[in-house]
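Welcome to a short tour of a protein model. Take a moment to look at the sequence and turn the structure around before reading on.

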Amino acid sequence: MDYTRFKYGRVFVCGRCRQAIFNEEGVVSESSGLLNIRKLLPGSAQVRGEGVLCKNCGGLLGSVKRENGDKTYIIDRGGIISVLPEIFGKYFKDAIFACGCFWGVEYQFKKVVGIVYTRVGYCGGTKHNPSYEEVKSGTTGHKEAVHVLYDPRVTNYERLVRVFFEIHDFTQKDGQGPDIGSQYLSYIFYLNDEQRQIAEKYIGLLKSKGYDVATRLERAGRFWIAEDYHQDYYGKTGNLPYCHVRRRIFD
Ligand SMILES: [Zn+2]
């Protein structure tokens, strides 16, 4: 997998245990010794007093500065390792899900503990390098999809499949919520047999609970990254999604 084409930046991992702590999008400024960070990855670290500690191994990563209710994390380069997209495969794993308007799907996945990066795009169709307008026309076969990169030290594919089913109506057959059309259908695009087996297990589990599951499984073809203005849409606009709310359906 060539992660550079998803336009991912660096990820910074704990120097002791290699757990992901923050990514390029959280960096405000950096010098040779320190990085100023606005946002840590969900569930990656804990703040104790003035100290910022790795949630996994407890290693000290830096300190926190509070100003007018805002927090800045001052991270010491000595305690972290920066990972370039070229070698993400050594550290992280990925998954592709489609279940309606990708703005809302990405919004929900961004909040999940263990998620390192997300990108919205198109998957499952035949058209190379499709535009949003082309996908919207319903003629490309593509679904609005989200590529997620996750830290296997923190989460796993099974947990992400649970999140997927909990953030949408997987019994809807003509779209998702008010968004009707083939590009909004519920799909799990698996990347290997292990993912396919886990997805099948959960579809079977939901059917045994009486749900009429509309979700389809398909081996992932190429994921085409969407236009920049669709990336982190709700994060950029500060609005909340109309289409995706998480509800618990698994114990
Ligand atoms: Zn650690």
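Does D232 count as buried, exposed or partly exposed, and why? D232 counts as partly exposed because its relative accessibility is 27%, and the cut-offs are under 20% for buried and over 50% for exposed. Please keep in mind that this is a predicted model.

**Two residues with a positive phi**

Let us stay with D232 for a moment. You can find D232 in the loop between β17 (224-225) and α6 (233-237). Its backbone deserves a look too: D232 is not a glycine, yet its phi is positive, about 50°. As background, most residues other than glycine have a negative phi. K7 is another non-glycine residue with a positive phi, in this case near 60°. To find K7, go to the segment before β1 (11-14).

**The zinc site**

Now look for the zinc ion. Which atoms coordinate the zinc ion? The SG atoms of C14, C17, C54 and C57 do so, at 2.3 Å. The angles among these four donor atoms run from 103 to 117°, and the site is tetrahedral. Along the chain, the donors follow the spacing C-x2-C-x36-C-x2-C. Two of the donors, C14 and C17, are buried.

**The nonpolar core**

Next, move to the largest nonpolar core, which has 39 residues. Which of them have the most contacts inside this core? They are F97, F102, F109, V148, Y157, L160 and F165. Several elements each supply at least two residues of the core: the strands β10 (93-99), β11 (115-123) and β12 (143-150), together with the helices α2 (102-110), α3 (132-136), α4 and α5 (193-208). The largest share, six residues, comes from α4.

**Empty spaces**

What about the places where atoms leave room? Rolling a probe the size of a water molecule over the atoms shows where empty space is left.

The largest pocket holds about 200 Å³ of space. Its lining is made up of Q108, K111, V112, V113, T155, R159, L160, R162, V163 and R246. Sorted by class, these are four nonpolar, two polar and four charged residues. Helix α4 (residues 157-166) gives the largest share of this lining, with four residues. You have met this helix before: α4 also supplies the largest share of the largest nonpolar core. L160 appears twice as well, as one of the residues with the most contacts inside that core and as part of the pocket lining.

How many cavities of 30 Å³ or more does the structure hold? There is one. The largest cavity has a volume of about 40 Å³. Around it you will find A20, L41, P42, S44, G114, I115, V116, D151 and V154. This lining divides into six nonpolar residues, two polar residues and one charged residue.

**Distances in sequence and in space**

Separation along the chain and separation in space are two things to compare for yourself. The table lists some residue pairs, with distances taken from C-alpha to C-alpha.

| Pair | Apart in sequence | Apart in space |
|---|---|---|
| G49 and S63 | 14 residues | 8.7 Å |
| D193 and R219 | 26 residues | 9.0 Å |
| S131 and I75 | 56 residues | 39 Å |
| M1 and I87 | 86 residues | 10.0 Å |

Here is where one partner of each pair sits. G49 lies in the loop between β5 (45-48) and β6 (51-54). With a relative accessible area of 53%, G49 is exposed. M1 belongs to the segment before β1, and M1 is exposed, with a relative accessible area of 53%.

D193 is part of helix α5. Why does D193 count as partly exposed? The reason is its relative accessibility of 40%, which lies in between the cut-offs of 20% and 50%. S131, found in the loop between β11 and α3, is also partly exposed, with a relative accessible area of 25%.

Methods: Residues are numbered from 1 along each chain as its sequence is written. This is a predicted model: local features need pLDDT of at least 70, side-chain atom pairs count only at pLDDT 80 or more; totals for chains, interfaces and linings use all residues. Side-chain values use heavy atoms; hydrogens and water are left out. On a 1 Å grid over the protein atoms alone, a cavity is a set of points where a 1.4 Å probe fits but cannot get out, and a pocket is an open set with protein on both sides within 12 Å along at least five of seven lines; lining residues have an atom within 4 Å of a point. Grid points are joined across faces, edges and corners, and a volume is the space filled by probe spheres set on the points. Ala, Val, Leu, Ile, Met, Phe, Trp, Tyr, Cys and Pro count as nonpolar, Asp, Glu, Lys and Arg as charged, and the others, Gly among them, as polar. Donors are N, O and S atoms within 2.8 Å of the metal (3.2 Å for Na, K and Ca); water is not among the atoms, so sites may look incomplete. Four donors count as tetrahedral if all angles lie between 85 and 135 degrees; four count as square planar and six as octahedral if opposite donors are over 155 degrees apart and all others between 65 and 115; anything else is irregular. Buried means under 20% relative accessible area, exposed over 50%, partly exposed in between (1.4 Å probe, protein chains only). A nonpolar core is a set of buried Ala, Val, Leu, Ile, Met, Phe, Trp, Tyr and Cys residues joined through side-chain atoms within 4.5 Å.
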